[in-house]
Amino acid sequence: MAFDPEGLRPILARVKATPASPHPDEWMAAACPHASVEQRFQLRAMLAETPEPAFERDSSRIPALQKLLAKLKLAALLVPRSDEHQGEYIVARAERLRWLTGFSGSAGFAVVLRKAAALFVDGRYTLQAPAETDAAVIECRHFRKPPAIEWLPAKLRKGDRVGYDPRITALSEAERWRAALAKVGAELVALDANPIDQIWIDQPGDPFASVHSQPLAFAGEASEDKRKRLGAEIAARGAAATVLNQLDSIAWILNVRGGDTPSTPLVQSFLVLAADGHATWFVDRQKLTAGLVQQLGNTVTIRPIEAFAEGLADLAGKTVSIEPDTATAWIEARLAAAGATVVRGADPTVLPKARKNAAELAGTRKAHARDGAAMVRFLTWFDAEALGLSELQVMAKLEEIRGEDPMYRGSSFTTIAGCGPNGAIVHYRASEQTARPVETGTFFLLDSGGQYADGTTDITRTIPVGRVPRELKRHFTLVLKGHIAVATARFPKGTGGVAIDAFARRNLWAHGLDFDHGTGHGVGSYLGVHEGPARLSPLSQVPLEPGMILSNEPGYYKTGSHGIRIENLLVVREASFEGFLDFEAITFCPIDRRAIEVGLLDPAERAWIDAYHARVLKVLAKQLDGAALAWLKRMTKPL
C-alpha cells in the first residue's frame with residue numbers, strides 16, 4: 001500500500017488525544033507498519049504540529065451549560081467523571097467533568113442546576129478541588145456531607161426533569177438516582193446526546209494506540225481457555241451471553257494490551273462473550289498489530305466498535321447477563337429494546353482476574369525486584385542532588401530512571417510528589433503553579449508506580465529531607481506501626497478487607513489521629529493499578545483470596561504541614577495454619593530509617609523492619625553497584 005501521509009491526518013489527531021507513551025512511535029506499528037525511516041520522521045513532524053487537547057479552566061463553561069439546560073427544559077444535569085467503560089481512567093474525549101469545572105482528580109461528580117452547581121469529591125481531594133475550580137460558579141462539597149443523591153432532591157420541585165447520559169452511567173447508579181428523584185416527584189431523563197458535548201467545540205476524538213497480545217508466559221492462561229471456563233459460568237446462570245464494557249476485563253480475557261487510557265494498557269472496545277466461549281470483539285481494527293487477529297483465532301469475531309449497538313440488537317430473544325454496577329444504562333436499554341431477556345450477575349472476569357495465577361505472580365515479583373532497584377537508584381540521587389529542585393524535576397528524574405528498564409511501559413498512575421504541605425494533599429498533582437522546591441526540615445511524599453510488560457507496581461515512600469522535627473518522626477512511626485500490623489496480619493479465610501483496614505488505624509486512633517482513605521486496593525497484572533473487587537477499606541466486605549495483590553498504604557496528613565504514607569504491595573497467600581491466610585510483601589525498597597522513632601516500636605515491630613530490610617538487601621544488591629549499593633546497605637542495616 002502506498003504511503004499516504006495526508007490520509008493519516010485523522011489518525012494523527014487521535015494519536016494526539018492518546019496518553020503519552022515511553023515508546024512514542026508504537027502507534028505506527030498498527031497504522032503504517034511498513035513506513036520507512038524517512039516516512040516515520042515525516043509523521044513525527046506532522047504529529048508535532050497537531051494541536052494537543054486543551055483543558056485550561058474556563059469559568060464561562062458552566063454558565064453556558066446552564067443556558068442550554070433551560071433550552072432543554074432540564075432542571076439539572078448529572079456530570080460524572082466516567083465514560084462508556086466505567087473504569088478509573090478515561091480517554092480525553094470523556095474528560096467532561098475536567099473540561100467543565102477545571103477539576104483534574106481521578107474521582108468526582110458534579111451536579112449542574114440552572115442557577116447553581118456543586119462538585120462532590122472524597123477526602124483525597126478536599127484541598128485540590130477548591131484550588132482547581134472557580135467558587136464563583138461552582139461550590140466544592142465532600143461526597144458524604146451529604147451525598148449528591150441527597151443534596152440534589154432537596155433543591156428540586158415536583159415535575160422537575162434531571163438529565164443524565166445513559167452511555168456513561170452505570171445501570172445501578174441510574175436506578176438509584178431514579179428512585180431518589182421519584183421521592184420528590186422529579187424525573188430522571190435519559191438524554192440522546194450529552195449537553196456538554198454540544199458546547200465543547202474542540203472536544204478530542206477517540207485515542208489511537210497500537211494493540212498487541214500479552215504473551216502466554218506472562219498471562220499464564222490462553223485466552224481460549226479463559227473464555228471456555230467463563231462461558232461455562234455464563235451457561236450456569238442460564239444465560240446465552242454476557243456483555244463486557246470494562247476495558248480491563250476485556251484485556252484480561254483476550255490477553256491483549258493497548259494504550260488508549262492513561263497509565264493503564266487498555267483498548268477502547270466492547271465484548272460479547274457467549275456461553276460456548278466464542279467472543280465478539282467490537283474494536284477499531286486499524287489499531288491491531290500484525291498477527292494479532294490470527295493469534296486470537298476463529299473463536300473471536302472482530303467487528304467495528306461503531307457496530308456495538310447492532311451487536312446488542314443481534315442478541316434479540318436471548319438471555320443476556322450484565323453486571324449492573326458496570327454495564328451502562330444504555331446497554332441495558334438497548335438489550336431490552338431488542339427483546340433480549342436481561343439477567344443480572346457479576347462480571348465473570350473479576351474474580352479470576354484478581355486471583356493471579358503462578359505465571360502472573362512470578363512476573364509481578366520480577367517486575368517489583370527491578371522496580372525496587374530503580375527506586376534505590378532514584379533515592380540515592382534524591383539524597384545527593386534533589387535539595388532545591390522542584391517537585392516536577394523530581395518526578396522527571398524518577399521517570400527517567402524507571403525508563404532505563406527495557407520492559408518499562410510507563411507509569412501506572414500520575415506520580416504524587418509533594419514536599420511539606422503539598423504532601424498533605426492526599427492525591428496531590430504537581431503543576432507549574434503548585435510545585436514546591438525540595439526543602440530541608442520536612443517530609444517529601446512520593447507515591448509512584450510503573451507498568452512493566454510482566455507486572456504493575458505501586459509504592460509510596462516518605463523521605464525525610466535533612467533533620468525533621470520530632471513530631472514528624474512520631475507521626476511517621478505511628479503510620480509505620482499500622483503498616484506492620486497489616487503486613488503481619490493472619491486471618492481466617494472469608495475475611496473481608498474491612499477487618500484488615502482497622503489494623504492499619506489502631507495506633508493512630510490511640511493518639512486521636514486517622515486518615516481519610518482506604519488502607520489498600522487491588523492491583524492488576526500489567527493492568528489497572530486499582531483493581532477490584534477486594535480492598536482494605538472500611539467499606540469492603542469482599543473476602544480476600546489467595547493470589548490477590550493488594551496495597552498496604554496507611555497514612556497521616558496534617559494540613560499545611562506534612563503528609564506521610566508508607567506503601568508496599570502484598571500477595572494474599574495460604575498461611576501455615578489450616579483455614580487461615582496471610583500476606584507476602586512483594587515491594588522491595590527500604591523504609592527510611594531516618595524517619596523512625598525507634599523507641600515507639602515494640603520488639604516484634606523492630607524485628608519485622610530488620611527482616612524486611614534484610615530481604616530487600618538480598619533481592620536488590622545484585623542489581624546495584626557504586627553509590628546506589630552503598631546507600632542500600634546503609635538504609636537496610638538493623639535498627
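Colleague: Is T101 buried or exposed?
Modeller: Keep in mind that this is a predicted model. The relative accessible area of T101 comes out at 3%, and anything under 20% counts as buried. So T101 is buried.

Colleague: Which backbone atoms does the side chain of T101 reach?
Modeller: T101 sits in helix 5, which covers residues 96-101. From there its side chain gets to the backbone nitrogen of F103 at 3.1 Å. It also reaches a backbone oxygen at 2.7 Å, that of L97. Put together, the two atoms are the nitrogen of F103 and the oxygen of L97.

Colleague: And which residues is T101 in contact with, leaving aside neighbours within four places in sequence?
Modeller: Contact here takes heavy atoms within 4.5 Å. With those sequence neighbours set aside, the list for T101 reads R57, I62, E132, T133 and I138.

Colleague: Over to the open sheet: which strands stand at the edges?
Modeller: The sheet has six strands with mixed pairing, in the order 12-11-10-8-13-14. An edge strand has a single partner, so one of its sides is left without a neighbour in the sheet. That fits strand 12 (300-303) and strand 14 (341-344).

Colleague: What is the bridge partner of S269 in strand 11?
Modeller: Strand 10 (residues 269-274) pairs with strand 11 (residues 279-283) in the antiparallel sense, over five bridges. In that pairing, S269 is matched with V283.

Colleague: What angle does the direction of helix 11 make with that of strand 10?
Modeller: Helix 11 (residues 223-236) packs on the sheet and touches strand 8 (241-244), strand 10, strand 11 and strand 12. Its direction and that of strand 10 make an angle of about 65°.

Key: Residues numbered from 1 in each chain as written. Predicted model: local features only at pLDDT ≥ 70, side-chain atom pairs only at ≥ 80, totals over all residues. Heavy atoms only, no water. Helix = DSSP H or I, 4+ residues; strand = E, 2+ residues; numbered from the N terminus. Buried < 20%, exposed > 50% of the residue type's maximum accessible area, 1.4 Å probe, protein only. Polar contact = N/O pair within 3.5 Å; in protein donor to acceptor, adjacent residues only side chain to side chain. Pairing = 2+ DSSP bridges. Axes fitted to C-alpha atoms, helices over the stretch in contact; angles between N-to-C directions.
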